Amino acid sequence: MGYDCDDEANCVVVPLCDESKCRTSLDVRMHNIWYDLSGWRKAHPAGSHWIDWFDGRDATEVMDAFHSDRAQKMLVKLPKTKPEFIPQLEESIGPISTTTENFRKLRAQLVSEGWWERDVVHESKLIAIWMSLLVSGIAVANSSLLYAPFLAIPLMGLFFTQSGWLGHDYVHGIDKFTDKFRQLTTLCAGLGVTWWSDKHNKHHALTNEIGVDEDIATDPFLYVWAPDPKNDSFLRKIQHWVFLVPFSFLFALWRVDTVKVAVDSVGEKRLGSKKELYLLMLHYAFFLTVLPLNVFLPAILLSGLMSALIVTPTHQSEEMFDEFQNDWVTAQFMSTRSAFMSNPFSEWIWGGMQYQLEHHLFPSMPRSKYPLLKPILTKFANDNKIPGGYRDTGEFAILKMNWDVYRKVAEAEPVVGAPNSRGNGQLGAISNSLSPASGGII
């Protein structure tokens, strides 16, 4: 017997299959309670893959990081794991670390102190600057100025980049303010929320885990470790000289992926998928009407370049993992580096991504609060003896660190047996198991 659930977490018992042929439970621990999510996985609004990844694991930090109060309340309605299975599950997962327990106390303290309350004045300033880029970019692009395209391209490039940063904040947000702007990145940057949530939240939950985290799966254009010969490319030997080219195509590739996911989501009848597809169509209809192609296309490439220069160095020079990390908190410290800015323009253009560790630990927190977290996280790391502690590096030095990674990997010989960046390890283990998730991992 198993469970079937609707999108409100109302579950009923249903016959599934013979236990000798498949496992009918999918057990995930949250806040020290084991839940059987076999029936909920298909009803989960963000997709079944999220449930699948945490079969037999603790998902407390991920649950808290991405879910609203409403979702937290729905949790109590889900069926619990059968008591006879719990001892074996507890033994397989191991005890909760002291660092994790202390982090949960820290998070509870920050919640009680109101750290998730939005600063409306700060948000208004960011939106005003962003809107001024749009208006001026369109005006210049359609003016009679001799060098209009060359002036409009950086304005629109900055607009698309900042659309990504604002949308990033609002997609992660769990408050009423962000609910109103959740589709901003779809409408203004051409990057769908469904695609973004699937890809980016996986990066947050399983940061730098090889074969799972798509943000470090940048081959065959860029490698961050020496690959197996069968996965190698001639481009690797020159990647440190040509990396700006694939960086520039980042937004373009994301846009293509967005359209594919949006279309597939409509076919899968995912929540809000039709609305998102219509907004994508509106995005292209609007910008292809108000911008000439010699502005629109180069602006996308420029925004891709700026975004890649910001998002890649905070992880690619840090610790990589070849297996699941039970201590999510320590893994975030080890795989993530923040950056400190030397001037106000850098502070603005980085869009909050300079506070990368702060964001990874508390992704739904408004980014205006991140600067105040540094001393708190520094003390937390020291008190809990986290390897490496809290680390941040200047905006130019961190770019040099990332370039050094590309150079060293370019100069290295291929390594037989090196892991594949996609479909490695955890994916294969889940797909070959008796779990209800078997064969469903993408």
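## Notebook: pockets, rings and a short strand

I began with the second largest pocket, and I noted that 46 residues line it, with Lys199, Glu214, Asp215, Leu250 and Trp254 lying nearest its centre. The elements that each give two or more residues to this lining are H7, H10, helix H12 (244-248), helix H13 (250-267), helix H15 (293-311) and helix H16 (313-316). I should record here that I am reading a predicted model.

I then looked up the volume of the second largest pocket, which comes to about 930 Å³. By class, its lining residues divide into 23 nonpolar, 15 polar and eight charged. Which element gives the most to the lining of the second largest pocket? I found that H10 does, with six residues.

Next I turned to the largest pocket, which holds about 1600 Å³ of space. Its lining counts 48 residues, and those nearest the centre are His44, Pro45, Ala46, His67 and Leu271. Among the elements that give two or more residues to this lining I listed strand S3, helix H1 (48-53), helix H7 (148-172), helix H10 (193-205) and helix H14 (273-290). H10 again came up, as it gives the most to the lining of the largest pocket, with five residues. I sorted the lining of the largest pocket by class and wrote down 23 nonpolar, 12 polar and 13 charged residues.

S3 made me look at the strands. Strand S3 spans residues 27-30, and both of its faces are covered, since Asp27 and Arg29 on one side and Val28 and Met30 on the other are all buried. I kept in mind that side chains in a regular strand alternate between the two faces of the sheet.

What does S3 pair with in the antiparallel sense? My entry reads strand S4 (residues 33-36), over four bridges, and within this pairing Asp27 has Asp36 of S4 as its bridge partner. Two residues lie between the strands in the hairpin of S3 and S4, where His31 takes a positive phi near 50 degrees. S3 also pairs in the parallel sense with strand S5 (residues 57-58), over two bridges, and there the bridge partner of Val28 is Arg57.

Following Arg57 further, I saw that it lies over the face of Phe324, at 3.9 Å from the ring centre. I noted a second arginine of this kind, Arg255, which lies over the face of Phe160 at 5.3 Å from the ring centre. Phe160 also belongs to a cluster that ring pairs form with Trp130, Phe159, Tyr284, Phe286, Phe287 and Phe296.

I searched the whole structure for aromatic pairs and the count was 25. In one of them, the rings of Phe103 and Phe362 have centres 5.3 Å apart and planes at 25 degrees, and because planes under 30 degrees apart count as stacked, this pair is stacked. Why does this pair tie together parts that are 259 residues apart in sequence? Phe103 lies in helix H5 (residues 98-112), whereas Phe362 lies in the loop between helix H19 (356-361) and helix H20 (374-383). I checked burial as well: Phe103 is buried at a relative accessible area of 2%, and Phe362 is buried at 0%.

My last entry concerns Phe177 and Phe181, whose ring centres are 5.1 Å apart with planes at 35 degrees, so the pair is tilted. Phe177 is partly exposed, with a relative accessible area of 24%, and Phe181 is partly exposed at 29%.

Key. Residues are numbered from 1 along each chain as its sequence is written. This is a predicted model: local features need pLDDT of at least 70, side-chain atom pairs count only at pLDDT 80 or more; totals for chains, interfaces and linings use all residues. Side-chain values use heavy atoms; hydrogens and water are left out. Rings of Phe, Tyr and Trp (its six-membered ring) pair if their centres lie within 6.5 Å; planes under 30 degrees apart count as stacked, over 60 as edge-to-face and the rest as tilted. Buried means under 20% relative accessible area, exposed over 50%, partly exposed in between (1.4 Å probe, protein chains only). A charge sits over a ring if NZ of Lys or CZ of Arg is within 6 Å of the ring centre and within 35 degrees of the ring normal. Two strands pair if DSSP finds at least two bridges between them. On a 1 Å grid over the protein atoms alone, a cavity is a set of points where a 1.4 Å probe fits but cannot get out, and a pocket is an open set with protein on both sides within 12 Å along at least five of seven lines; lining residues have an atom within 4 Å of a point. Grid points are joined across faces, edges and corners, and a volume is the space filled by probe spheres set on the points. Ala, Val, Leu, Ile, Met, Phe, Trp, Tyr, Cys and Pro count as nonpolar, Asp, Glu, Lys and Arg as charged, and the others, Gly among them, as polar.
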